Amino acid sequence: MEEKKKPLKEKKGTSKKKGTSKEQKGTLEEEKEIVAERKEMPLKDPQEEKNNVLATEILPEKVTIIPIRDRPVFPGIVIPIIIENVKMKEAVEHVYQNTAHKIIGLFLTTIEEMDEEEEEDTLIYSMEDIFSVGVAARIIKIIPSENSDDLHILVSALERIKLKEFISQGPFPIGLIEYHHETKFAMNEELKAYSMAIVSSIKELLRLNPLFKEELKIFLSRSTLEEPGKLADFAASLTTADREQLQRVLETFKIRERIDRVLLLLQKELDVTKLQVKITKQIEDKISKHQRTFFLKEQLKAIQKELGIIKDERTVIFEKFTKRMKKLRFSKEADKVIEEELEKIVLLEPSSPEYHVAYNYLDWLTILPWGKRSKDNYHLEKAQKILNEDHYGLDDVKERILEFISVGKLRKNITGSILCLIGPPGVGKTSLGKSIARTLGRKFYRFSLGGMRDEAEIKGHRRTYIGAMPGKFIQSLKVVQTCNPIIMLDEIDKVGKSFQGDPASALLEVLDPEQNVEFLDHFLDVRFDFSNILFIATANQPDTIPAPLRDRMEILRLSGYILEEKVEIAKKFLIPKQMKNHGLTRKKVVIKDDALKKLIDQYAREAGVRGLENQIKKICRKTARYFAGDGKGAVIITSKNLTEYLGKPIFTEDELIKGTTPGVVTGLAWTEIGGSTLSIEACGILSKRKGFKQTGQLGEVMIESSEIAYSYIMSSLKRYKAEPNYFDDHFIHIHVPAGATPKDGPSAGVTMATALLSFVLKNPISSHLAMTGEITLTGRVLPIGGVKEKIIASRRAKLKEIILPQENKKDFDELPDYLKEGLMIHYVEKFDDIYQLLFK
């Protein structure tokens, strides 16, 4: 016996049966022809046949082995087989042309999936590669293939055979076989019952799947029901069982045991076929129901049209848009475009893609509020009352709104305008916009510009794009249904920019009073009048707003709130609101004034009131937990028990009042979240070489201010009665806490110079004094911005004295009296004035 060889690759070697039990219908005609030919052959005398045995009827003991991989072949079956392997095709052709019996051995391979590394043209098998039981089959016909190199053969399976051994591997594998002839049984009642059971199952299969009918006719033309073994083999070939189950049937030589296995396979096949029929019927019923509903609806529409009950879809659409047009006052351009589109949509078929584009365009054109205005409120007293109800303080902003209403009252018309509210987070910019809308009696619409990167969000998409829509402004008009609403543009300082365009540049047309009279949206492609819209933009800082855009807006600054203002806001607005939201009442929870002031001073010192509101929410949640747990009696919150509800203070007294140390000076700064105080520290280190460095994550402008202060003080030591050579043997270091916070701006110049001089003279500066101003190399003190925010920050920090540039006196004089009260202001023009004030 030769050593074991690898099995052939599936697609390159083994032969394939052309069709299984449900896939053999393509060859039924060929089988019918063969059966017909056999019927037409002249009958011979049995005795003569017995004496004269033909050579073709002798069954050889040595046959060429042909492996098959899909399903085993059963005796009594005529079936086509496709041969792909080159060596196998040569073997089949050799048997067909050079032998009288034309018989081959068909054996099922033990592995269905072949090894991919097997070479294409090998045909070497060992006993382990194939099952030992197969079938002897006679080649009836070789059918040439026109479209491929495959060999198509038609074989008739004769008897079961068992492979004893391979006796030759070349040029073709030849095996020694043993035949297992079917035992002849006398038909008894038991065998007859078995046969009838098989026939009954086949009939049930025929009822469910009529495709088996032709195969049954061919089988009955060659066999009878008196042969239960052949009947069992035929029934097994009809099933879709897997190859291993069918091989077990082929290997079962005992008739009764084989019939039992076949009946089990037939029952499984019936169950699967019934389920398949059930699923198919469900799908067909569903499709039929939908089709029936569709046809009935179409018939109903036709009947209703004939009776005049309903109108054609295009007629309905035309009347819908015409009805809308009667309520609107279009511009001449819009009226002309709408008429043209209406003429087009009447001619288009509703199933046409262009119809839906035209419909969507007309829908947008006729749904916008052309000429529809809301009535403005000109009552100044009522307007002032509404503004005071919604906001505490902000007198300058309220006064600007009242001026706006006054102009409208005199003109009998309030024209559009562009306001920009700039201030730190939480000061009420968005809520102020809503109050303005309520004051004027106009509709309000808000959308955020933060992170917007596509200019199509502003000016719309071209109608040629799939899913095209108008820009945000046109969409807002569809929502409010008036042409003079208040539109709030939140976070205008955070507009993005990308390869898709620059939304900030697209806003120029919208926010320009000279251009927005004829605003052109890309989707509408018709000009719309935005001149009656009041635009209110909000921002945290003006620096990031493009200059051309900032130039088109009237800027109103909301600087933030001092402690007294926050107390009133908390009492009138925040506490009642959160009490209601948490299911509490003023009788259940009492927050004393001292607790409220401590809360603001040590927990919510930011410019706005958002942090304050969050702390009040925290108190309300804890008291709600107390009452939900069967707590009784009112909860009174004082400055002593405040930490029980809010934890340890965020800001401590140490941060408010600095110690009196030479070289430490308090400065005032402006940030995007409002004004703030910062300490500037200076020190000198004895060194053989002089030098200077800054720390504290300073920006470029602040670094330049420190270098100017260093150069000025170093050049003026003699004049300020300090040691003239002090910087020659000292390395100077300036630090601005906290180091993790970025800082920049020119207003810390005088503070840095004062800190340096204080350290050199060893003269401490009062901790109740703060200063701000820009210094030059000649000692001049230049004006700065953000005076109001810095004064508010100084009041929060409980500072008493402020040093300001002389040119900022007008800014301080414009501040409300409650901000100026209790402050001592020193105005300086040059640094010599600071020296006279602090060091002499």
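This report describes selected features of one protein model, moving from the whole chain to its sheets, its helices and a few single residues.

## Overall picture

The model is predicted, and the protein it shows contains 29 helices and 25 strands. Of its 840 residues, 47% are buried. Among the contacts in the protein with a separation of 6 or more, 77% are made by residues 24 or more positions apart.

## A parallel sheet of five strands

Five strands come together in an open sheet whose order is 9-10-13-8-14, and the pairing within this sheet is parallel. Strand 9 (444-448) and strand 14 (554-557) stand at the edges, and each has a single partner strand, so one side of each is left without a neighbour in the sheet. From one strand to the next, the twist averages 20°. The pairing at the strand 14 edge can be followed in detail: strand 8, which covers residues 417-422, runs parallel to strand 14 and is joined to it by four bridges. Within this pairing, Cys420 has Ile555 of strand 14 as its bridge partner.

## A covered strand

Strand 3, made up of residues 78-83, is mostly covered, and six of its six residues are buried. Val78, Pro80 and Ile82 point one way from the strand, while Ile79, Ile81 and Ile83 point the other way, and the residues of both groups are buried. The partner described here is strand 6 (residues 151-168), which pairs with strand 3 in the antiparallel sense over six bridges. In this arrangement Pro80 of strand 3 stands opposite Leu154 in strand 6.

## Two packed helices

Two packed helices are described by the angle between their axes and the distance between the axes. For helix 25 (residues 749-761) and helix 29 (residues 831-838), the angle is about 45° and the axes are 11 Å apart. That angle makes helix 25 oblique to helix 29, and the crossing of the two helices is right-handed. On the side of helix 25, the contact is formed by Val750, Ala753, Thr754, Leu757 and Leu761, which meet Phe831, Ile834, Tyr835 and Leu838 in helix 29. Sorted by type, the residues of this contact divide into eight nonpolar, one polar and no charged.

## Single residues

Gly691 is found in strand 19, which covers residues 691-695. Leaving aside residues up to four places away in sequence, Gly691 touches Tyr710, His730, Phe731 and Ile732. Although Gly691 and Ile732 are 41 residues apart along the chain, their C-alpha atoms are separated by 6.0 Å.

Gln481 and Glu491 each have a positive phi although neither is a glycine. Gln481 lies in the loop between helix 16 (472-480) and strand 10 (486-490), whereas Glu491 lies in the loop between strand 10 and helix 17 (503-510). Their backbone angles are about 60° for Gln481 and about 55° for Glu491.

The table sets out how accessible these three residues are.

| Residue | Relative accessible area | Class |
|---|---|---|
| Gly691 | 13% | buried |
| Gln481 | 25% | partly exposed |
| Glu491 | 26% | partly exposed |

Gly691 counts as buried because its relative accessible area of 13% is under the 20% cut-off. Gln481, at 25%, and Glu491, at 26%, are partly exposed because that class runs between the 20% cut-off and the 50% one.

Definitions and conventions
Residues numbered from 1 in each chain as written. Predicted model: local features only at pLDDT ≥ 70, side-chain atom pairs only at ≥ 80, totals over all residues. Heavy atoms only, no water. Buried < 20%, exposed > 50% of the residue type's maximum accessible area, 1.4 Å probe, protein only. Pairing = 2+ DSSP bridges. Contact = heavy atoms within 4.5 Å. Axes fitted to C-alpha atoms, helices over the stretch in contact; angles between N-to-C directions. Parallel < 35°, antiparallel > 145°, perpendicular 65-115°, else oblique. Left-handed = near helix turned anticlockwise from the far one by under 90°. Nonpolar A, V, L, I, M, F, W, Y, C, P; charged D, E, K, R; others polar.
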